[in-house]
Amino acid sequence: RWEMIDEDPYTMDIGQYDMDDNFIASHKGISSAARAVNYSTPHNIFMCIRGQRAHAGGYKWKLLQSVK
């Protein structure tokens with residue numbers, strides 16, 4: 001089942017993880033994340049954060065949730 005995202009994926013805080021789920025870095029939006037790893041398909045990162053893909057560009061990608 002796909003995760004619904006109410007915010008703009010191009011401005012959300014995205015977490016970059018290795019394949020063992022170790023946190024590597026945070027990025028402001030999927031375009032910034034794709035540029036940081038020289039990945040030409042930011043849409044695939046978006047599909048990761050929606051749960052439609054397991055990984056993209058050799059990394060796992062997740063939304064970083066705000067602490068309330």
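**Exercise 1.** In this predicted model, determine whether Asp-13 is buried, exposed or partly exposed, and then find which side chain meets that of Asp-13 in a salt bridge.

*Solution.* Asp-13 has a relative accessible area of 37%, and because partly exposed covers the range between under 20% and over 50%, this residue is partly exposed. The side chain of Asp-13 meets that of Lys-28 in a salt bridge, with a distance of 3.5 Å from N to O, which falls within the 4 Å cut-off. Asp-13 belongs to strand β1 (residues 13–17) and Lys-28 to strand β2 (residues 23–28), so the pair ties together parts that are 15 residues apart in sequence. Lys-28, at 53% relative accessibility, counts as exposed.

**Exercise 2.** Work out which residues are joined with Asp-21 into one network by salt bridges that share partners.

*Solution.* Begin with Lys-60, whose side chain meets that of Asp-21 in a salt bridge at 3.4 Å, N to O. Lys-60 lies in strand β3 (residues 60–63), whereas Asp-21 sits in the loop between β1 and β2, so this pair ties together parts that are 39 residues apart in sequence. Lys-60 is partly exposed at 22% relative accessibility, and Asp-21 is partly exposed at 39%.

Next, take Lys-62, which forms a salt bridge with Asp-21 in which the closest N and O atoms are 3.3 Å apart. Lys-62 also lies in strand β3, and its pairing with the loop residue Asp-21 ties together parts that are 41 residues apart in sequence. The relative accessible area of Lys-62 is 34%, which makes this residue partly exposed.

Finally, combine the two pairings: through shared partners, the salt bridges join Asp-21, Lys-60 and Lys-62 into one network.

Key: Residues are numbered from 1 along each chain as its sequence is written. This is a predicted model: local features need pLDDT of at least 70, side-chain atom pairs count only at pLDDT 80 or more; totals for chains, interfaces and linings use all residues. Side-chain values use heavy atoms; hydrogens and water are left out. Helices (H or I, at least four residues) and strands (E, at least two) are DSSP runs, numbered from the N terminus. Buried means under 20% relative accessible area, exposed over 50%, partly exposed in between (1.4 Å probe, protein chains only).
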